[in-house]
Amino acid sequence: MALTSRPSCEAADAADPLAHALERFLVDGARIYMDGNSLGPPPAAALDAVTKVVRDQWRGGLISSWNRAGWLDQPFLLGDQVGELIGAAPGQVAICDSTSVNLFKLLAATLAHGRAEGRRAIVTTDDNFPTDLYVAGAAAELAGGTVLLSGAAGVDSGTAALTLSHVDYRTGRMLDMAAITAASHGAGAMVVWDLSHSAGAVPLALDEWGVDLAVGCTYKFLNCGPGAPAFLYVARRWQPVLANFVRGWFGHADPFAFSPAFTPAPGIARFMSGTPGIIGLAPVAAAMEAWSGVSMADVRAKSVAIAELLIERIDALGLEVASPRAAAERGPQVSVRSAEGYGLSRALGEAGVVVDFRPPDIVRFGITPLYLRFVDAWDAMDGLASVIAAGAHRDARWAERARVP
Ligand SMILES: Cc1ncc(COP(=O)(O)O)c(C=O)c1O
């Protein structure tokens, strides 16, 4: 169905197999939220989930809750649920720490593993997310290695790991994970994928695609809360082989034996470090409930349809689309490139359309099919047209930038 009018969008919403998911989230209806690629809204069950942990398990059970409320198993049970959304069989995903810390663990592991073969380089690209560049630099510095910014084409016999973001945070460009992974394996290198902008947004098949290692945020498309613990994926075949250099007692085979000698846990648990943040895991559980029964194929189909609507209307306004035009090369966002981008993002916000800005000139429209309707996308584009017509993006107030743009 061509989405060329508001009534056609209403009809698409009426036929949408994901329409029922909207009520699983606390979205206020007063604003159109197109920033779920930065911070997803709370799942409706999040408040109760946090209350239950604080009131019943923490206050009620106190220390006994480590055993009785199953706190110890949370990072792995929830990890398996995230695993389902990214094509990972159970036992390969843990929820812990931040994406930055998890990336450090995995890159350090690849550098240590590669050393025997003289593989001392981490290969990435200069447009990768800044934290990924910082972490790669730190891991390489510590291991006496180097970071090369040559991208996948630069992978060779000196490469310990290639690390890339599957979906670019600025433009939404999506890479061919299966092909890049296979090509790197051909050169004997591992690949560490950052799935922050694709987990919960596009169908992923990590096991099937032969992925080695991956990390990602849970606070964007997965809706687990601001600063929620991230996930890491270590393919089963690598678990007995790789070491965790943010080695802590929760990665020990028997943390409560309090042994001075470190014996790594078998399986994914060895990539844990310290005590899991149990309160922070409560909204992760609520979010996984909100995701239950959702087909990633439905998510992707709706995401692509909304992206095409956005691109058509952005083109009609004469603005530059910075995202790839081919759906297969585009993740769950449409970006506009404009020298007036910051003003556009702020004026849109004031008009009730929440988007964000990434320097130097990118406005991002995030597409989150569980709670974004086709009419919302249509209305957001009406909002953009009105902002431009009124020149609201040129308001002198936007000369000063907010701390979080
Ligand atoms: C691609 C990517 N990687 C990593 C991060 C940061 O992750 P964390 O704050 O969990 O370390 C972000 C945050 O936006 C991101 O977009």
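# Reading a ligand site and its surroundings

User: Which residues come nearest to the ligand?

Analyst: In this predicted model, 13 residues surround the ligand, and those that come nearest are Thr 99, Ser 100, Asp 194, His 197 and Lys 220. A residue is counted as near when one of its heavy atoms lies within 4 Å of the molecule.

User: Which classes of residue make up the shell around the ligand?

Analyst: Sorting the shell by class gives three nonpolar, seven polar and three charged residues. As for where they belong in the fold, helix 5 (99–114) and helix 6 (130–143) are the elements that give two or more residues to this shell.

User: How should I read polar contacts, and what is the distance from Ser 100 to the ligand?

Analyst: The general idea is to look for pairs of N or O atoms within 3.5 Å of each other. In the case of Ser 100, an N or O atom of the side chain is 2.5 Å from an oxygen atom of the ligand. For Lys 220, a polar side-chain atom lies 2.7 Å from a ligand oxygen, while the side chain of Ser 196 has an N or O atom 3.5 Å from a nitrogen atom of the ligand.

User: How much of the ligand does the protein bury?

Analyst: One compares the area that the ligand exposes when taken alone, which is 400 Å² here, with the part that the protein covers, and in this structure 85% of that area is buried by the protein.

User: Where does the ligand sit, and what surrounds that place?

Analyst: The ligand sits in the largest pocket, which holds about 420 Å³ of space. The lining of this pocket consists of 26 residues, and Ser 38, Phe 129, Tyr 219, Lys 220 and Arg 358 are the ones nearest its centre. Helix 5, helix 6 and strand 12 (356–358) each give two or more residues to the lining, whose residues divide into eleven nonpolar, eight polar and seven charged.

User: How many cavities of 30 Å³ or more are found, and what lines the largest?

Analyst: A cavity differs from a pocket in that a probe fits inside but cannot get out. Searching the whole structure yields one cavity of 30 Å³ or more, and the largest cavity contains about 60 Å³ of space. Its lining includes Gly 200, Phe 221, Trp 291 and Tyr 371, and by class the lining has eight nonpolar residues, three polar and no charged.

User: What can backbone angles show at Pro 360 and Leu 62?

Analyst: Here one reads the angles omega and phi. The peptide bond that joins Pro 359 and Pro 360 is cis, with omega at about 5°, and Pro 360 lies in the loop between strand 12 and strand 13 (362–366). Leu 62, although not a glycine, has a positive phi of about 45°, and this residue is found in the loop between helix 2 (46–60) and helix 3 (65–68).

Conventions: Residues numbered from 1 in each chain as written. Predicted model: local features only at pLDDT ≥ 70, side-chain atom pairs only at ≥ 80, totals over all residues. Heavy atoms only, no water. Polar contact = N/O pair within 3.5 Å; in protein donor to acceptor, adjacent residues only side chain to side chain. Areas by Shrake-Rupley, 256 points an atom, 1.4 Å probe, with all protein chains shown as cover. 1 Å grid on protein atoms, 1.4 Å probe; cavity = no way out; pocket = protein on both sides within 12 Å on 5 of 7 lines; lining within 4 Å. Sits in = over half its atoms within 2 Å of the grid points. Helix = DSSP H or I, 4+ residues; strand = E, 2+ residues; numbered from the N terminus. Nonpolar A, V, L, I, M, F, W, Y, C, P; charged D, E, K, R; others polar. Points joined across faces, edges and corners; volume = space filled by probe spheres on them.
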